[in-house]
Amino acid sequence: MKINGEYSLKNCLYPYWKGDTVYNESVMVHSDINGKLSPISLLYPIAEIIEVRCGNLKTVYREKQDYMLEDGRLVIPEGSSVPITDYATLHPETRSDSCKEAVDGGFLLYDEKLQLRQIHVTYRAKTKEGVAFPTCKRSSFPKTIKKLESGEGIRIHFFGDSITTGCSASGFFKYAPFMPIWPLMVTDELKRLYPDADIQYSNAAVGGKCSRWATETSEERLKSYGADLVVIAFGMNDGPKSPDRYGIYNRQLILDAKEANPDCEILEVSTTLPNKAFKRFYGNQDIFVSVLKNLCANYDFAELADMTEIHRSMLQRKRFEDISGNHINHPNDFLSRVYAQTVLQTLVGID
C-alpha cells in the first residue's frame, strides 16, 4: 500500500485490526508539568516504524533525528522538529475561547483543529491483540445487500449529531489532508464495492443535538427521506439522560424509519466517549451501548455498530488527546476512519 501525504480512500479504510501494519495512527506529543516527554504507546506495540508525518501529512520526519523506537514505543528526542505542545498550552491557567473548564477546577485546551498538533505514525505491529474490533453482521441486512449486489437503486440516510455531520474531520474544516466525513467515506466505499448499484446519499445530522430532538424533528429529517438503509448515531449529547429515556427515543426513531419505508433496515451506531477530564459533559454515554444492543435485539431489521467498546478499548492503549479532534468529544481523522471502518465491517464486511 502506497503511503503519501494525500487523502486516499483505500489507505483510510484499511482496517486497523488487519495484517501487521497500521497506517497513519495519530499521536499528540506534549510535555508534562516538568517539561519532559515520555515514551508514547500506540494501539499496538511497535516492531518497526515505517513513516512519521505531520498532522496535515505533508511533512515527513526523520528517524533518529525526529523520532526513535524504544521498547515498542515512540520516543521524541531532544532537538526533534516534531511539533510539541507544552503543558501550559494543554492546561491554561486562565479562561479563554480556546479552553474549557476541567473537573479538577482548572482549564483544558479546546481546539477543533487539534490534529494539526498531532503527528501520524505508520508502523508494523509486533502483535495485533488486545484491542476491540468490529464483527461483520452482513446477514442482518439482507434487503440492503440484495439491492447493492443486484444494482438496484438504494437510498442510505444518516441521522445523528455533530460526529455524523463530520466534526472534526479535516475535510469538514477544509484543511489538508481534506479527509471526507465518515458517512461520505462509507458511501464512497460502497459505491466502489458495488459499482452497478445506484446509491443515493443523504445526511440530516445536526451538531449539538440529542435523541429527543431527533424524535421531535423526525418528520422532516428522517421520515421524509423514506430511506432503504437508515444509519442512526445519537448519544454524545445525551449524557444527562437516563438509559431508559435514551432507549425510548431511539426506539421511536427506529419505528419512524420503518413507518416511512416498511422495507427499510436500520444500523444503530453507538457513540464514542467524551473526555472525562472536562466538566459538565461526561454522563451516561458509556452505558448507552447496552441500551442499543437490547433495542436492536427486538427487531430483525436492526443491528448495532459498536463504536463505544472500540473507543473504550483504544483508550486503554492511547491517551484521549491522541485520537481526538477537539480534546472534548469530536473524533480526529484517525478515529473518523475507525467510524467508517466499523460501519462498513458491520454492514458488508471489509476483511
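How many nonpolar, polar and charged residues does the lining of the largest cavity have, by class? In this predicted model, the count comes to seven nonpolar, four polar and three charged residues. That cavity has a volume of about 130 Å³, and 14 residues line it. Closest to its centre sit Cys 12, Asn 24, Leu 57, Pro 177 and Arg 337. As for where the lining comes from, helix 1 (9–12), strand 1 (21–28) and helix 12 each chip in at least two residues. Helix 12 gives the most, with three residues.

The largest cavity has company: the structure holds three cavities of 30 Å³ or more. The second largest encloses about 50 Å³ of space. Its lining draws on Asp 161, Ile 163 and Thr 164, on Ala 233, Phe 234, Gly 235 and Met 236, on Val 269, Ser 270 and Thr 271, and on Tyr 339. Sorted by class, this lining has six nonpolar residues, four polar ones and one charged one.

Tyr 339 turns up again in the packing of helix 12, where it is one of the residues touching helix 11. The axes of helix 11 (residues 307–314) and helix 12 (residues 333–347) come within 11 Å and cross at roughly 140°. An angle over 145 degrees would count as roughly antiparallel; the two helices are therefore oblique to each other. The crossing of helix 11 past helix 12 is right-handed. On the helix 11 side, the contact is made by Met 307, Ile 310, His 311 and Met 314, and on the helix 12 side by Leu 335, Val 338, Tyr 339 and Thr 342. By class, six of these residues are nonpolar and two are polar, with no charged residues in the contact.

The backbone has a few oddities worth a look, and they sit in loops. Pro 177, already met among the residues closest to the centre of the largest cavity, is joined to Ala 176 by a cis peptide bond, with omega about 10°. Pro 177 lies in the loop between helix 5 and helix 6 (182–193). Another cis peptide bond runs from Cys 167 to Ser 168, this one with omega near 0°. Ser 168 is found in the loop between helix 4 (162–165) and helix 5 (170–173). Further along, Arg 280 is not a glycine, yet its phi is positive, at about 65°. Arg 280 belongs to the loop between strand 11 (265–269) and helix 10 (288–297).

Definitions and conventions
Residues are numbered from 1 along each chain as its sequence is written. This is a predicted model: local features need pLDDT of at least 70, side-chain atom pairs count only at pLDDT 80 or more; totals for chains, interfaces and linings use all residues. Side-chain values use heavy atoms; hydrogens and water are left out. Axes are lines fitted to C-alpha atoms, for helices over the stretch in contact, and angles run from 0 to 180 degrees between N-to-C directions. Helices (H or I, at least four residues) and strands (E, at least two) are DSSP runs, numbered from the N terminus. Angles under 35 degrees count as roughly parallel, over 145 as roughly antiparallel, 65 to 115 as roughly perpendicular and the rest as oblique. A crossing is left-handed if the near helix is turned anticlockwise from the far one by less than a right angle, and right-handed if clockwise. Contact means heavy atoms within 4.5 Å. Ala, Val, Leu, Ile, Met, Phe, Trp, Tyr, Cys and Pro count as nonpolar, Asp, Glu, Lys and Arg as charged, and the others, Gly among them, as polar. On a 1 Å grid over the protein atoms alone, a cavity is a set of points where a 1.4 Å probe fits but cannot get out, and a pocket is an open set with protein on both sides within 12 Å along at least five of seven lines; lining residues have an atom within 4 Å of a point. Grid points are joined across faces, edges and corners, and a volume is the space filled by probe spheres set on the points.
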